[in-house]
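Please open the model in your viewer and keep the selection panel at hand. The tour below proceeds by selections, each followed by a description of what is found there.

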Amino acid sequence: MAKQGVRRRRQRKIEDVDGSDRTVDLDVLQSLVTEMLLSLGEKPGRNGLLKTPERVAKALAFMTQGYQRNIDHLLNGALFPIEYDEMVIVKDIDFFSMCEHHLLPFFGKVHVGYLPNKKVVGLSKIPRIVDTFARRLQVQERLTVQIAETLKSKLNANGVGVVVEARHLCMMMRGVEKQNTVAVTSSMLGAFRSQPQTRLEFLKLIRRGSVGDSD
Ligand SMILES: [Zn+2]
C-alpha cells in the first residue's frame, strides 16, 4: 500500500517537473475574458476594453509558459565536470509567479545554493530553472521544493538549499490586506538538511548585503 502511494506521488512529480504538452487555446481564453468582463458588469464593447480579452489571453499565456519548458532541454550542454566541491550560491533571483488559488501574482526573490558532486551547472541556467517553475500556476511551497528537487536530481548534488521570499497580491489587495508581509519558504536537501553547519553557511551567505558591501 505504502509503496503504491510513493510511486503515484513520484509519477505526478515527474509530470510537474518536466512540463507537459499542455497548450494554451488563445481563442477560448479570449472569449472567457469577455464573459468575465460581462459578469463583472462591464461593457466589453467600450473603447478601453476592446482589446482587453486579447491582451489578457496573451498575458496569461506568457505567465504560464513554464508548462511548455522542459528542464532536460534547458540543461542540455550546460552541465560541466569539475573537481570544485565548495558551495555555489546564486542569490537574489527575481521571480514573478501566480498563485493558483486566486490567479493573482506573487513575486520576490529566490536564493539557491548547492554542493557540487563532480559537476556544476552554468550559472545563468539557475534563474532559467526558477522561471520554468515560477511561470506556472503555483503555491510558494511547491515552487520552492520543485526548484530544490530539480537541482538535486539533475546535478546529483551533495546538497541543495533554496529559500524563497515573496509578497502575495492575494494577501495585499484582498483578504487580510497585510501590505508588508513577506512569506518565506525553504527547502533543504542532502547535506543542507543533515549538516547544520552547511545550512548555516548558506543562510549566512544569502543574508549578506550586495557584493562590495561590508557585512
Ligand atoms: Zn492566493
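What follows is a walk from the metal site to the sheet, the cores, the salt bridges and the backbone.

This is a predicted model, in which local features need pLDDT of at least 70 and side-chain atom pairs count only at pLDDT 80 or more, while totals for chains, interfaces and linings use all residues. Residues are numbered from 1 along each chain as its sequence is written, and side-chain values use heavy atoms, with hydrogens and water left out.

**The zinc site**

Select the zinc ion together with Cys 99, His 102 and Cys 170: the ion is coordinated by SG of Cys 99, ND1 of His 102 and SG of Cys 170, at 2.2 to 2.3 Å. Donors here are N, O and S atoms within 2.8 Å of the metal (3.2 Å for Na, K and Ca), and because water is not among the atoms, sites may look incomplete. Along the sequence the donor residues follow the spacing C-x2-H-x67-C. His 102 lies in the loop between strand 2 (88–99) and strand 3 (105–115), whereas Cys 170 lies in helix 7 (residues 169–172), so the pair ties together parts that are 68 residues apart in sequence. Helices (H or I, at least four residues) and strands (E, at least two) are DSSP runs, numbered from the N terminus. Colouring by accessibility, you will find that Cys 170 counts as buried at 9% relative accessibility and that His 102, at 35%, counts as partly exposed; buried means under 20% relative accessible area, exposed over 50%, and partly exposed in between (1.4 Å probe, protein chains only).

**The sheet and helix 9**

Next, show the strands as a cartoon: an open sheet of 5 strands has the order 5-2-3-6-7, with mixed pairing, where two strands pair if DSSP finds at least two bridges between them. Its edge strands, each pairing on one side only, are strand 5 (137–138) and strand 7 (183–190). Select strand 3 and strand 6 (residues 159–168), which pair in the antiparallel sense over 10 bridges, and there look for Phe 107, which stands opposite Arg 167 in strand 6. Adding helix 9 (residues 196–207) shows it packing on the sheet, where it touches strand 2, strand 3, strand 6 and strand 7, and its direction makes about 40° with that of strand 6. Contact means heavy atoms within 4.5 Å, and axes are lines fitted to C-alpha atoms, for helices over the stretch in contact, with angles running from 0 to 180 degrees between N-to-C directions.

**The cores and helix 5**

Which residues touch the most other members of the largest nonpolar core? Select Phe 95, Val 110, Val 112, Tyr 114, Ile 147 and Val 162, which hold that place among its 31 residues; such a core is a set of buried Ala, Val, Leu, Ile, Met, Phe, Trp, Tyr and Cys residues joined through side-chain atoms within 4.5 Å. The elements giving two or more residues to this core are helix 4, strand 2, strand 3, strand 4 (119–121), helix 5, helix 6 and strand 6. Centring the view on Ile 147, you can trace its contacts to Val 110, Val 112, Val 130, Phe 133 and Val 162, residues up to four places away in sequence not being counted. Apart from the largest core lies another, of 8 residues, among them Met 87, Val 163, Ala 191 and Phe 202. Then select helix 5 (residues 125–134), of whose 10 residues 8 are buried, so that this helix is largely enclosed by the rest of the structure.

**Salt bridges**

A search of the whole structure finds 5 salt bridges, each being a side-chain nitrogen of Lys or Arg within 4 Å of a carboxyl oxygen of Asp or Glu. Select Lys 154 and Asp 72, whose side chains meet at 2.9 Å, N to O; Lys 154 lies in helix 6 (residues 140–155) and Asp 72 in helix 4 (residues 71–75), so the pair ties together parts that are 82 residues apart in sequence. Move on to Arg 142 and Glu 100, with the closest N and O atoms 2.7 Å apart, which join helix 6 to the loop between strand 2 and strand 3.

**Two positive phi values**

Finally, select Asp 92, a residue of strand 2, whose phi is near 60°, and Leu 103, in the loop between strand 2 and strand 3, with a positive phi of about 55° although it is not a glycine. Most residues other than glycine have a negative phi.
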